[in-house]
Amino acid sequence: MIRSNFKILICLLCLLLAQNVFASEDFSKLAVAYYSDNNIEKTIECLKNIPDDEKTAQDLLLLGNALDEIGDKDKALILYTKALKLEPNYYKAYYNLANIFAVYEDYVSALTYYEKSVQYRPAFMNARIALGILLSEKFFEYDRAIKEYNLAIECQGKQHFEPSEFFNQDATFE
């Protein structure tokens, strides 16, 4: 069902492209569809078709995730930072920055960005869990870690579903 809906979406968007009536938001939607289907190359291609001055914070975040997946963490960091310039309260960008800094073993920066993420989205369970892991495993602050885990448990009923394409969490704490 999902696969057939994806194919229909791609066909419709290709028709629009052929008629030269593709707007930036159409490229954004198509990029999300490609990313959801794990087609990183097409995701990047779509997002690069959007003029820089028309890219949204979400576009920059998704492009950062795609580049992160192909190993370009430095460019991903730049894009997440640009996303925050557009939306200073964008908790997803803070979370993704924290994940990259954790991979780079810059735990002080990771801690800062996880804390920013939960500052702007207190019910963000993934960030609370990552923050707890970081506090316990790298800073040995067990009481704070337990507090974050308890807050994560409280978040379970408060958080709504968010598509995973906006988070780069799979590379954290390997």
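**Figure 1. Helices α3 and α4 pack at an angle of about 145 degrees.** The axes of α3 and α4 lie 10 Å apart in this predicted model. Their crossing is left-handed. From α3, the residues in the contact are Ile-40, Thr-43, Ile-44 and Leu-47. These meet Asp-59, Leu-62, Leu-63, Ala-66, Leu-67 and Glu-69 of α4. By class, the contact of α3 with α4 holds seven nonpolar residues, one polar residue and two charged residues.

**Figure 2. Leu-62 is a buried residue of helix α4.** Leu-62 belongs to α4 and is one of the residues that α3 meets there. The relative accessibility of Leu-62 is 1%, so this residue counts as buried, the limit being under 20%. Ala-93 stands 31 residues away from Leu-62 along the chain. The C-alpha atoms of Leu-62 and Ala-93 are separated by 9.7 Å.

**Figure 3. Ala-83 of helix α5 is buried and touches residues distant in sequence.** Ala-83 sits in α5. Because its relative accessible area is 0%, Ala-83 is buried. Leaving aside residues up to four places away in sequence, Ala-83 touches Ala-57, Leu-60, Tyr-90 and Ala-93. Ala-83 and Gln-58 are 25 residues apart along the chain, and 7.2 Å separates their C-alpha atoms.

**Figure 4. Asp-74, also in helix α5, is partly exposed.** Asp-74 is located in α5. With a relative accessibility of 48%, Asp-74 counts as partly exposed, because that class covers values between 20% and 50%. Along the chain, 26 residues separate Asp-74 from Ile-100. In space, the C-alpha atoms of Asp-74 and Ile-100 are 8.9 Å apart.

**Figure 5. The largest nonpolar core has 46 residues.** Tyr-90 and Tyr-114 touch the most other members of this core. Two or more core residues come from each of α2 (24–36), α3 (40–48), α4 (57–69), α5 (73–86), α6 (91–103), α7 (107–120) and α8 (125–137). The largest contribution is that of α6, which gives nine residues. In soluble globular proteins, nonpolar side chains tend to be buried together. Tyr-90, named above as a core member, is also one of the residues touched by Ala-83.

**Figure 6. Tyr-107 of helix α7 makes contacts with residues distant in sequence.** Tyr-107 is part of α7. When residues up to four places away in sequence are not counted, Tyr-107 touches Ala-102, Leu-134, Lys-138 and Phe-139. Tyr-107 and Leu-135 are 28 residues apart in sequence. The distance between these two residues, C-alpha to C-alpha, is 9.3 Å.

**Figure 7. Asn-38, in the loop between α2 and α3, has a positive phi.** The phi of Asn-38 is about 65 degrees, although this residue is not a glycine. Asn-38 is placed in the loop that joins α2 and α3. Its relative accessible area is 55%, so Asn-38 is exposed, the limit being over 50%.

**Figure 8. Glu-105, in the loop between α6 and α7, has a positive phi.** Glu-105 is a residue other than glycine, and its phi is near 65 degrees. The loop that holds Glu-105 lies between α6 and α7. Glu-105 counts as exposed because its relative accessibility is 58%.

**Figure 9. The close-up views belong to a chain with nine helices and zero strands.** From the N terminus on, the order of elements is α-α-α-α-α-α-α-α-α. The chain has 174 residues, of which 47% count as buried. Among contacts between residues at least 6 apart in sequence, 53% join residues at least 24 apart. The chain exposes about 9700 Å². Carbon and sulfur atoms supply 54% of that exposed area.

Methods. Residues numbered from 1 in each chain as written. Predicted model: local features only at pLDDT ≥ 70, side-chain atom pairs only at ≥ 80, totals over all residues. Heavy atoms only, no water. Core = buried A, V, L, I, M, F, W, Y, C linked by side-chain atoms within 4.5 Å. Buried < 20%, exposed > 50% of the residue type's maximum accessible area, 1.4 Å probe, protein only. Helix = DSSP H or I, 4+ residues; strand = E, 2+ residues; numbered from the N terminus. Contact = heavy atoms within 4.5 Å. Areas by Shrake-Rupley, 256 points an atom, 1.4 Å probe, with all protein chains shown as cover. Axes fitted to C-alpha atoms, helices over the stretch in contact; angles between N-to-C directions. Left-handed = near helix turned anticlockwise from the far one by under 90°. Nonpolar A, V, L, I, M, F, W, Y, C, P; charged D, E, K, R; others polar.
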